[in-house]
Amino acid sequence: MDKKERVEKRRRIAAFFGALAGIVLLCGILILKSGTKPGIILASGDKKADSNQAPADVNQQGVKEYKKVPRPDHNHPAFKERVDERKKMVATQIRARDVKDPNVLKAMLIVPRHAFIPKSQRRYAYSDYPLPIEHGQTISQPYIVAFMTDALKLKPDSKVFEIGTGSGYQAAVCAEIAREVYTIEIVEGLAKTAKERLKKLGYKNVFVKAGDGFFGWPDKGPFDAIIGTAAAKRIPEPLLEQLKPGGRMIIPTDSAWGFQYLVLITKDKDGKIHKSKVMPVRFVPMTGEVQK
Ligand code: SAH
């Protein structure tokens, strides 16, 4: 290869890398301009999602947006602990009753309930009853958690809202099946502990906030499923608004003579609300706005 050929070869290599750098730069500028956040994949031809809006499933152009949401990673050692007790709990307390959805049974088998319970109560974690948690609140009986989750008929792309995070256990069970769970807890100390616990356990698809769940979480709604885990004097109206058509909600409500019932609410495709009492229960009261 003479000198002229060597110069020509270098010139071609430089031109190739120059063009490559140009393409990379152009792609970078396009991504920045589109405002796309990491983790959000838009179907081709979609416009940017308004970051102040709820993560819509279908954008204004009627094109479906796919949100890439992290799944629980199950790397924490707690997932490997007390597995036999969880198997027994699922077999005897849940499958033996009327919960048959394999996704719910699997979620109940995976979530390490003992990691959500105060140390003094931990040995009873897989027993067939509710347990006290901090701030005078309770974690529901495993069967009730499974029953309520089952009633929501969650799918892998469901977006869930919960009132009453408590320990975070119910939120974790939903997060095993659904895409995202938004949960609000009125007692600040509980919200903080649950948030830290869920983060430590790898539940990256659960979002915890301290506040009054009566008002829902408007900028994250509408929701496919809503679950209330504190007994309400009446069904909070904002939650009915934040339920998607075709969505399902389950919530304990106060009834006559001091009884409480789980009420299943569905919103049909035309936005009409249907309610049915499904089971007598005992929950801690919902506080805040609903009591006014
Ligand atoms: N889901 C919980 C159990 C919750 S017990 C778990 O899996 O552990 C009910 C919780 O609802 C309590 O922690 C209580 O503080 C909370 N709560 C009561 N009223 C509320 C309201 N208006 N908004 C949000 N949380 C509320």
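A polar contact is taken here as a pair of N or O atoms within 3.5 Å. With that cut-off in hand, the ligand site of this predicted model is a good place to begin. A polar backbone atom of Ile-186 sits 3.1 Å from a nitrogen atom of the ligand, so this pair falls within the 3.5 Å limit. Two side chains add to the picture: Glu-185 places a polar side-chain atom 2.6 Å from an oxygen atom of the ligand, and a polar side-chain atom of Thr-229 is found 3.1 Å from a ligand nitrogen atom. On its own the ligand has 580 Å² of accessible area, and the protein covers 98% of this.

The shell around the ligand has 26 residues, of which Ser-167, Glu-185, Asp-212, Gly-213 and Thr-287 come nearest. Glu-185 thus appears both in this group and in the contact with the ligand oxygen. By residue class, the shell divides into twelve polar, eleven nonpolar and three charged residues. Several elements supply at least two shell residues each, namely strand E4 (138-139), strand E5 (159-163), helix H5 (169-177) and strand E6 (180-185).

Two of these strands, E5 and E6, also belong to an open sheet of seven strands, whose order is E7-E6-E5-E8-E9-E10-E11 and whose pairing is mixed. Strand E7 (206-210) and strand E11 (273-281) form the edges, each pairing on one side only. On average, and with direction ignored, neighbouring strands of the sheet are turned by 15° against each other. Within the sheet, E5 pairs with strand E8 (residues 223-228) in the parallel sense, over four bridges. Here Phe-161 stands opposite Ile-226 in E8. Helix H5 packs on the sheet, where it touches E5, E6, E7 and E8, and its direction makes about 170° with that of E6. H5 therefore links the two parts of this description, as a helix that packs on the sheet and that supplies residues to the ligand shell.

Two details of the backbone round off the account. Most residues other than glycine have a negative phi, and most peptide bonds are trans. Against that background, the bond that joins Gly-221 and Pro-222 is a cis peptide bond, with omega about 0°. Pro-222 lies in the loop between E7 and E8. The other detail concerns Arg-82, which is not a glycine yet has a positive phi of about 55°. Arg-82 belongs to the loop between strand E2 (65-67) and helix H2 (83-95).

Note on methods. Residues numbered from 1 in each chain as written. Predicted model: local features only at pLDDT ≥ 70, side-chain atom pairs only at ≥ 80, totals over all residues. Heavy atoms only, no water. Near = heavy atom within 4 Å. Polar contact = N/O pair within 3.5 Å; in protein donor to acceptor, adjacent residues only side chain to side chain. Areas by Shrake-Rupley, 256 points an atom, 1.4 Å probe, with all protein chains shown as cover. Nonpolar A, V, L, I, M, F, W, Y, C, P; charged D, E, K, R; others polar. Pairing = 2+ DSSP bridges. Axes fitted to C-alpha atoms, helices over the stretch in contact; angles between N-to-C directions. Contact = heavy atoms within 4.5 Å.
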